[in-house]
Amino acid sequence: MKIAIIGASSFIGFRFFTHLRGQFDVVGTYFKHQKHQEMVRLDISQQADVELFIKTYMPDTILWVAGSKDLTLTEDNLEYAYSVNTYPLSYLIWSIDKLDNYHPRVVFFSTDYVFDGVRGNYRHTDTPTPQTNYGISNQKAEYLLQHNYDNAIIIRTSAVMGKGGTFFDFLVSNLQTKEVLELYDDTIFTPTPMALLIQCVMDLLCGSYTNDILHICGSSVYTRYSFGMQIRQILQSQNPSSKLAQIIPVKSQVNKQRLFFPNLSLVSSFPLDDYRSELI
């Protein structure tokens, strides 16, 4: 099976690229940062580039992890959010439709931000109510796939955690180098262990899932503070003599964090939380 990873130079994409290359025929794309010499440059904002890539490689499965997850950039410009998170999916569908007898499975990675973050415990059957440009642009991409392509899986995941992830690396580094670390205790989420996401995607690749929306995330609900405390506990157990930062709970409103919501937790059907492998 030939698998294309669109956005293979991203945090999640590169972990998939590294894991899948030994088991499948994999082609990965990058835009700015070529993390592996075999990656192919692709500008997903250009329809002609997407068409050429699909026509050239014709993968059996497409893992789409491309786009912008930078909430600061997307909130400043909705059209920018559309240009990198929504329109490229229409280019993909159009490119596939142009080819005869070609119907690959598309796995699109969406986000918990398609929900409003008020009540939490969102299921895949709940109606999206995005409150950010990032969430809106992803919800529109989901809609495009649901109504225009019949061999797609939409995976909504939440705060994927592992080595190379922005918040995870920030957390581990500051626990090991600072005396005090402040983390929000009023924003609830369901972080996703990278190992869990990889395993679930492997199961999907070997199964017959199609035309589904799936929530893949950890089974435990945390605040940033309680998650930090868990990681601290794991680090301490691995090295009892290490001196780690004291974690202090603070409120997100203190720093006027408008992009943190009271409760963005998802309900997943794949309950497994294990971050130990990310701390070795």
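Of the 280 residues that make up the protein chain, 51% count as buried in this predicted model. The secondary structure of the chain comes to nine helices and 13 strands. The radius of gyration of the protein chain is 19 Å, close to the 19 Å that the globule rule gives for 280 residues, so the chain is as compact as a globular protein of that length. Along its principal axes, the C-alpha trace spans about 60 × 40 × 35 Å. Among contacts between residues at least 6 apart in sequence, 77% join residues at least 24 apart. The protein chain exposes about 13,300 Å², of which carbon and sulfur atoms supply 49%. With regard to charge, the chain carries 23 positive and 27 negative charges, and the mean positions of these two sets are 5 Å apart.

The interior can be described through its nonpolar cores. In soluble globular proteins, nonpolar side chains tend to be buried together. The largest nonpolar core of this model holds 29 residues, of which Ile5, Phe16, Leu20, Leu63 and Phe109 touch the most other members. At least two residues of this core are supplied by each of β1, α1, β2 (25-30), β5, β6, α8 (194-206) and β11 (212-216), and α8 gives the most, with nine residues. The surroundings of one of these members, Leu63, can be listed in full: leaving aside its neighbours within four places in sequence, Leu63 is in contact with Ile3, Ala4, Ile5, Ile6, Leu20, Val107, Phe109, Val201 and Leu205. A second core, separate from the one to which Leu63 belongs, consists of 26 residues and includes Ile62, Ile93, Tyr102 and Leu145.

Helix α5, which comprises residues 87-97, has Pro88, Leu89, Tyr91, Leu92, Ile93, Ser95 and Ile96 as buried residues. The elements that cover these buried residues of α5 include the helices α2 (47-57), α4 (78-85) and α6 (133-148), together with the strands β4 (61-64) and β5 (105-111). In the loop between α5 and β5 lies Asn101, which has a phi near 55°, a positive value in a residue other than glycine. Asn101 is exposed, with a relative accessible area of 86%.

A positive phi is also found at Ala159, where the angle is near 45° in a residue other than glycine. Most residues other than glycine have a negative phi. Ala159 is placed in the loop between β6 (152-157) and β7 (160-161), and because its relative accessibility is 28%, Ala159 counts as partly exposed.

Two serine residues complete the description. Ser9 lies in the loop between β1 (2-6) and α1 (11-20), and counts as buried because its relative accessibility is 17%, under the 20% limit for buried residues. When residues up to four places away in sequence are not counted, Ser9 touches Thr29, Tyr30, Phe31, His33, Lys35 and Met39. Ser226, in turn, belongs to helix α9, which covers residues 224-238, and counts as partly exposed because its relative accessibility is 27%. Ser226 and Phe170 are 56 residues apart in sequence, and their C-alpha atoms are 15 Å apart in space.

Terms used
Residues are numbered from 1 along each chain as its sequence is written. This is a predicted model: local features need pLDDT of at least 70, side-chain atom pairs count only at pLDDT 80 or more; totals for chains, interfaces and linings use all residues. Side-chain values use heavy atoms; hydrogens and water are left out. Helices (H or I, at least four residues) and strands (E, at least two) are DSSP runs, numbered from the N terminus. Buried means under 20% relative accessible area, exposed over 50%, partly exposed in between (1.4 Å probe, protein chains only). Contact means heavy atoms within 4.5 Å. The radius of gyration is taken over C-alpha atoms; the globule rule is 2.2 Å times the number of residues to the power 0.38. Accessible areas come from the Shrake-Rupley method with a 1.4 Å probe; for residues, only the protein chains shown count as cover. Lys and Arg count as positive and Asp and Glu as negative; His and the chain ends are not counted. The place of a charge is taken as NZ of Lys, CZ of Arg, CG of Asp or CD of Glu. A nonpolar core is a set of buried Ala, Val, Leu, Ile, Met, Phe, Trp, Tyr and Cys residues joined through side-chain atoms within 4.5 Å.
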